[in-house]
Amino acid sequence: MMAGGIMSGGRGAMLMLQVIDPISPAKRRHVLVVEDDQVSRTFLRISLQKNGCTVLPVATVAEAQAQLTAQGFEHFDCVISDYWMAENTGLDLVDWLKTKDATLAVIIATGECEKALVAESLRRGVTDFLEKPVRVPKLLAAVTKAVAQTEQHRRLSQSATALESLGRTQRWMVQSGTKALGKLSVEVSFQPKLEAGGDFFGHFQISPEKHCCLLTDVSGHDLQAAYISAYFHGIFRGMLSRSSSLPEIFGYFNDFLVNEWNQAEQLQTKNSFGTSLAAVAVLIDSHQQVANVFICGAPVPVYVSPDGRAQDMSENDGPPLGWFPDIISRSAIYAINGGGTIFLWTDGLADLAIAQQVHPFCLAYALQRAKEQSVRHPLLQEANDDILFAAIQLTPNTLAGELFQPLVVDTYRGDQGGEIDALEAAWRRNLKLALPELGEPAEHDIVLAMREAALNAFKHGCLAAPEKDVRLQINYHRARRVLQVRVEDPGDGHDFDCSAHLQNPAQDLLAAHRGLFFIVHLAQHVKFERNGATIIMEFHL
Amino acid sequence: MKTHLDSKTGVLSVVLDGDLISTTAEPLRPAINKLFEATSGKDAAWKLFRLDLSRAKMVDSVGLNFIVNVLKSVQQHGAKMQIVYANQNVHRTFLFTRLDKHLELLSSPVA
């Protein structure tokens, strides 16, 4: 190590060069020195060269800009610039660099380290300050710090670029929007939390009459999750094209996760939880009019018939792939006579819906409407995960708005009639979210009719028995602007002539069956099925 | 629920705090019955019963049944009944159920 030295403020200098910790050639740093005073420039050049740096000294900002442009910004690891120069200041160079390569760190050297100047420089992105006369140890420390910052910023920039690229690939694979599946179609809405994540949706044509849709969600929403999800889609496509069954494909990937991936991951990261993949596949046979559903850990899909009745396509979802050596899937074959819609979604939607105390369908509808208007829905700020929602239209040549879309599908215990005020509040929340333009009179009439139908179901259909269920559903038909409410109970329906009763006006001051009178007057159209055990009300908005 | 008997004008008033619906109407029945019993003597005669629903935004079928039962009691008492409302949805409910044929509806500026 040589003795220390100083550089004066460009008004005469005494050079005492110093080697602190020589940098190996492999780590040789390229430093651009911008200094209009020749003595100072020489001092900086020699000091840095003695300590293993490759230095390019220039006298003006214009020269610096020319060299950076000619040699490329990535050629340099940091810039040291004098503040006061004949034609420009060092901050002019900083401002210019920010527009060209914001990753390259800049150190400003000045004899006038005023607080205001320091604050302004830091605000404009300067990495460090050197007060003249410059001392070599401080010079080298500042260069080391600046080079490290440049490296870090360049790594982050590369990661961000890679992430953006991956995100673009994922969005291309998921393909938000409407796509044709032969005569059928699928509408996908994807709202990633970050640039890339673990939610994927794919559809595969097996034959002109057979299609398969696959929705996956890997634990976590990072690059690894995206990689695993995409990997499964590739395997799924390959095995499906070779006539493998859904249990075979799911079983194969479960084996991979349990026996290979998670064991390797646990060895490398000590992550005892491992990676899990929730997936649901729907195999649609348009000719046979059936849908085969295979679920591992994903939310249970819902089938909505053309007349608007929603049904879960399985009793529950089972665990995801990657947890147990044997897959515990839930599968079902479902008749899809006459068309309808199958809805699939990932748990990011369900989680946000729970947090907002609304139904996932209602939230999906609101998010989709905002996306159609090229608006990011404010509720997405609250999301902690990716959100993916898909609607498979089984009715040929039909778009989403041309069928009833469920907003709320709820099942209540028969003894929940006493909670009717809380239920009403929940219906109002959902209606306000999905149809903010509804208006108070319409909302009042809809909610009051729902209240009457639900109370009727609790009291007469279920006899307040907890083991019986009331099923309530709110649907919306966008094309017709019709809101449909279905209320079903397990009872036998009316024990009186409903139509005759309803013809009799309320002026008789009867104190019974008035709820039905409310229903038929508040809704524009009412249909009673199963002798009134199912009430279907329609409101024209 | 607030009650007031104006013996000079012969008006018995009841002001409800909010909606008249299934969850609020049931507890009102015994309170109203008790009120009628307490005010049915010669010294406390009233000729008009005024039910103030100006704070209500909804009246459901159970609430309406409550009103019908009260109306019958009022008629047995030989008196008339008025309902004060502020919300237009509440007003519409009384119109489509034709309760306006049996009692007087008064619009209130109080929301």
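## Close-ups of a two-chain model

Arg92(B) comes out as partly exposed, at 31% relative accessibility. With a 1.4 Å probe and protein chains only, buried means under 20% relative accessible area, exposed over 50%, and partly exposed anything in between. This is a predicted model, so local features need pLDDT of at least 70 and side-chain atom pairs count only at pLDDT 80 or more, while totals for chains, interfaces and linings use all residues. Residues are numbered from 1 along each chain as its sequence is written, chains are lettered from A and ligands numbered from 1 in the order in which they are written, and side-chain values use heavy atoms, with hydrogens and water left out.

**View 1. Arg92(B) reaches across to Asp445(A) in a salt bridge.** The closest N and O atoms of the two side chains sit 2.8 Å apart; a salt bridge here is a side-chain nitrogen of Lys or Arg within 4 Å of a carboxyl oxygen of Asp or Glu. The pair crosses between chains, running from helix 3 of chain B to helix 11 (residues 440-461) of chain A. Helices (H or I, at least four residues) and strands (E, at least two) are DSSP runs, numbered from the N terminus. Unlike partly exposed Arg92(B), Asp445(A) is buried, at 13% relative accessibility.

**View 2. Here is the wider interface of chain B with chain A, where the rule finds two salt bridges.** Helix 1 (22-38), helix 2 (61-76) and helix 3 (88-96) of chain B are the elements that each give two or more residues to the side touching chain A. Helix 2 chips in the most, with seven residues. Sorted by class, that side of chain B has eight nonpolar, nine polar and five charged residues; Ala, Val, Leu, Ile, Met, Phe, Trp, Tyr, Cys and Pro count as nonpolar, Asp, Glu, Lys and Arg as charged, and the others, Gly among them, as polar. In all, 22 residues of chain B are in contact (heavy atoms within 4.5 Å) with 27 residues of chain A. About 2000 Å² is buried between the two chains, with carbon and sulfur atoms giving 60% of it.

**View 3. Glu424(A) and Arg428(A) pair up along helix 10 of chain A.** Their closest N and O atoms are 3.1 Å apart. The two are four residues apart in helix 10 (residues 420-434), so about one helical turn separates them. Glu424(A) is buried at 9% relative accessible area, and Arg428(A) also counts as buried, at 18%. Zoom out a little and both belong to a network of salt bridges that also takes in Asp421(A), Lys432(A), Glu443(A), Arg451(A) and Asp60(B).

**View 4. Glu151(A) and Arg29(A) tie distant parts of chain A together.** Their salt bridge spans 3.1 Å, N to O. Glu151(A) belongs to helix 5 (residues 136-174) and Arg29(A) to strand 2 (residues 29-34), 122 residues apart. Both ends are partly exposed, Glu151(A) at 31% and Arg29(A) at 21%. This bridge is one of 21 over all chains.

**View 5. Chain B on its own, with three helices and five strands.** Following the sequence, the pattern goes β-β-α-β-α-β-α-β. The C-alpha atoms fill a box of roughly 40 × 25 × 25 Å, taken along the principal axes. Half the story is inside: of the 111 residues of chain B, 50% count as buried.

Technical notes:
Buried area is the accessible area (1.4 Å probe) that two parts lose on being put together, summed over both.
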